[in-house]
Amino acid sequence: MIRERAYPVEPWHVRETRLDVDVLAQSESVFALSNGHIGLRGNLDEGEPHGLPGTYLNSFYELRPLPYAEAGYSYPEEGQTIVNVTNGKLVRLLVDDEPFDVRYGELRSHERVLDLRSGTLERSVEWVSPAGRAVRVHSTRLVSFTQRAVAAICYDVEPLDGPARLVIQSGLVANEELPVTKSDPRVAAVLSEPLQAEHHLANGDGGLLVHRTKASGLRMAAAMSHKVDGLADTVVDTDSFPYWARTTIACVLEPGQRLRVVKLLAYGWSSQRSLPALRDQVGAALAAARFAGWDGLLRAQREYLDTFWDAADVRVDGDPEVQQAVRFGMFHVLQAGARNEMRPVPAKGLTGPGYDGHVFWDTEMFALPVLTYTQPHAAVQVLRWRHATLDVARDRARTLGLSGAAFPWRTIRGQECSGYWPAGTAAFHIGADIADATLRYLQATGDEAFEQEVGVELLVETARLMRSLGHHDRHGQFHIDGVTGPDEYSAVLNDNVYTNLMAQRNLVGAADAVARHPDVGRELGVDEEEAASWRDAARTMTIPYDEELGVHQQAEGFTRFQEWDFTAMKPEDYPLLLTHPYFDLYRRQVCKQADLALAMHWRGDAFTDEEKARNFHYYEARTVRDSSLSACTQAVLAAEVGQLELAHDYLGEAALIDLHDSHANTSDGVHLAALAGAWIALVAGLGGMRDHDGVLAFAPRLPSRIARLDFSLLWRGLRLRVSVRPDEVTYFLREGDHEDGSRLDLVHHGEPLTVAIGTPVTVPIPEAAPPGAEPQQPPGRAPLRRSYFVPDADQLAGRQ
């Protein structure tokens, strides 16, 4: 686990000031670079030592068996696992025949810096070889946002205390040996060497490798090219073989002289293109990168991020750790979605192999809200990817005896990959989540072309599933039985409130969409009777409520279950799923993560303020946060019910999950949904932002230790800047796609407000009602309090 404050607190950088090989795997995730198509873990240039090597292409996977002790009808038979593809990060250095390896010789200094404004990972090293020769190495790595297929490395080396014979070996390596992570030998065998060689090529300054997966039949190509800036007698040569290619650069330098090697990389993959087509594709990408040059790539990267931060930055005054962490989180969310282009946003992005590289429902409910309001062009690509998998989802629904489309709990290509049916098959809320993300995108953008081409069909097919899942009882009430909601400690129950309320929105949204676009509805076979059945199911949807306790039941009968004995739990008992049988968890009042609270956030229009406060208190005492998805939602609800200090505590927990490695598994990749959740906790929590029924509303309030919160979002082509102080808030339409004079109608603390472009409006924050007693969490499960931050000398000096 990374020690707290392992990285100095800086507003725009994540800096590692010394190398700790014991936490390399964690830092490799933190320092990972991606653009949504290519992902490079933050491995050292020389490749060793490493925690977990990793180079990924979005949706490039291998098939693997899903073993069962006992088979059952409709169980998925194959899984999909992201492949560690050809590693192009390798740049090995030899100094007078001694390999540069931080485990040998003397490491005088070692620093790595993730620059959130330039989009680069920089590394600075001074090393003395076992033979006593000192060198300085500086490398800069980027994965281009503007050239989707391109990554690049600038590698500088210079001797410090005498002449040195330097040899750089820059490589492409396929089928790297990885630590064994799969206990089933059948799975391990499939994934150990997934790439089969098809073609290799070497030229003077670079090389090319083409490979294909054994089972999934996907083809990929990786190519490299080098520009060498050194003495005239520098030697450059390249060799290639089926599974590796290597460019060797050799020279002798005196102190004061420098060898610079710029390595350009290009990646591409396809399930359909021929070998020559893919070979030429990466060749063209390399040509474009050479045309831009290192300085051009670096400049374009900075300009891209300047535009992003200008539009999306969040300013938090009073908590420097959270300020750094929320920018770090937004950077990783951007990296996961910027250039995904009809591909998903996996739970770990492209930062590690966690969850086999799968995408889950949290993409729609955590990552996409951030992208919808800051980078809508990236959000729509994920929804278009979901639409592209509709045929697979329809097939799955037919297998289950249902109508419409049953989207998978976890997947890469669209097929269900969960071998555990209570969480996989029964978690039908994923369809309503996709519908909710579709409706949110449409409300925020007004993208009519998307609605007609994609949106209506997504809404219709998910509504058909929800309608076929449920039934009307003899009293006319609509029920959805035998489903699993977001809380994974409660499974296969009736009338989960979150599922039912999200299904209700799905059903009404689909009926409204068909009414707006009757021609599209007819093409999809929707008639008036079907649309009316959706509205009827939504109108009569059952929402369980315990009249005696005055709280909603997470699912029917939940408040009747036996209480969990939290007082008997020790710290090492958590997470409970590793120390207790699911049988016990499923029949008691214990929540892995926010479930009803999530319903109160996204369907807050279905609850009164009093109900929210009572529900929040009740479920706080039963939620253990064994999931990284929980803290941000609890922050949002804590803020809404007036528990602002608790909201700040939960905000810190969500934001710092990877910088502190608080779940001790950042080594597998960052927790993308939690990082996105930090933005949600600030904007929807402390900023009080809601968009129920297309009405943009804010109810901002700040905890005592935050003096200012600024954030921006896009709404219907207008960019709104919100600046919150303890007693007032300023709304400012800074720019937009509409003509000057455009206005935005919104709601501030329940009162209508109109803001015109170029004219800021400042209004007071009304006095809050007393929040009441602070809710209690299970013993030992309260979030860490956000302590007052004491800056170190560098921060006092304003280090940037």
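This passage describes strands, a helix, cysteines and enclosed spaces in a predicted model.

Among the strands, a run of antiparallel pairings is centred on E16, which covers residues 219-229. Strand E16 is mostly covered, since 8 of its 11 residues are buried. Strand E15, which takes in residues 206-213, is joined to E16 by 7 bridges, and the two strands run antiparallel. Within this pairing, Gly 206 has Ser 225 of E16 as its bridge partner. Strands E15 and E16 form a hairpin with 5 residues between the strands, and in this hairpin Gly 217 adopts a positive phi near 70°. Strand E16 is also joined to strand E19, made up of residues 259-270, through 11 bridges, and here too the strands run antiparallel. One of the residue pairs in this second pairing consists of Val 228 and its bridge partner in E19, Val 261.

A further group of strands is found at lower residue numbers, where 3 strands form an open sheet with antiparallel pairing, in the order E2-E3-E4. The edge strands of this sheet are E2, at residues 33-34, and E4, at residues 55-57, each of which pairs on one side only. Strand E3, which spans residues 38-40, is paired with E4 over 3 bridges in the antiparallel sense, and the bridge partner of Gly 39 in E4 is Tyr 56.

Helix H10 offers a simple check of helical geometry. This helix has 20 residues, 497-516, and at 1.5 Å a residue it should span 28 Å, which agrees with the distance of 28 Å between its end C-alpha atoms. Helix H10 is also mostly covered, with 16 of its 20 residues buried.

The cysteines were examined for disulfides, and the count comes to 0. For Cys 251, the closest cysteine sulfur is that of Cys 154, and because the two sulfur atoms are 15 Å apart, they are too far from each other for a bond. Cys 251 is buried, with a relative accessible area of 5%. Cys 591 is likewise in no disulfide, as the nearest cysteine sulfur, which belongs to Cys 632, is 16 Å away. With a relative accessibility of 1%, Cys 591 counts as buried, because the cut-off for a buried residue is under 20% relative accessible area.

Turning to enclosed space, the model has 9 cavities of 30 Å³ or more. The largest cavity holds about 100 Å³ of space. This cavity is lined by 13 residues, and those closest to its centre are His 601, Trp 602, Ala 684, Met 689 and Asp 691. Two or more lining residues are contributed by each of the helices H5 (362-374), H14 (596-602) and H18 (672-686), and the largest share, 4 residues, comes from H18. When the lining of the largest cavity is divided by class, 8 residues are nonpolar, 2 are polar and 3 are charged.

The second largest cavity has about 90 Å³ of space. Of the 14 residues that line the second largest cavity, Ala 594, Ala 597, Tyr 619, Glu 620 and Thr 623 lie nearest its centre. The elements that give two or more residues to this lining are H14 and helix H15 (609-620), and H15 gives the most, with 4 residues. Helix H14 therefore appears among the contributors to the linings of both the largest and the second largest cavity. By class, the lining of the second largest cavity comprises 7 nonpolar, 5 polar and 2 charged residues.The second largest pocket has a volume of about 740 Å³. The lining of this pocket is made of 29 residues, and those closest to its centre are Asp 609, Glu 640, Val 641, Ala 699 and His 749. Helix H15, helix H16 (630-640) and strand E27 (697-698) are the elements that give two or more residues to the lining of the second largest pocket. The greatest contribution to this pocket lining comes from H15, with 4 residues. The residues that line the second largest pocket divide into 14 nonpolar, 8 polar and 7 charged.

How values were computed:
Residues are numbered from 1 along each chain as its sequence is written. This is a predicted model: local features need pLDDT of at least 70, side-chain atom pairs count only at pLDDT 80 or more; totals for chains, interfaces and linings use all residues. Side-chain values use heavy atoms; hydrogens and water are left out. The expected span of a helix is 1.5 Å times one less than its number of residues. Buried means under 20% relative accessible area, exposed over 50%, partly exposed in between (1.4 Å probe, protein chains only). A disulfide is a pair of cysteine sulfur atoms within 2.5 Å. Two strands pair if DSSP finds at least two bridges between them. On a 1 Å grid over the protein atoms alone, a cavity is a set of points where a 1.4 Å probe fits but cannot get out, and a pocket is an open set with protein on both sides within 12 Å along at least five of seven lines; lining residues have an atom within 4 Å of a point. Grid points are joined across faces, edges and corners, and a volume is the space filled by probe spheres set on the points. Ala, Val, Leu, Ile, Met, Phe, Trp, Tyr, Cys and Pro count as nonpolar, Asp, Glu, Lys and Arg as charged, and the others, Gly among them, as polar.
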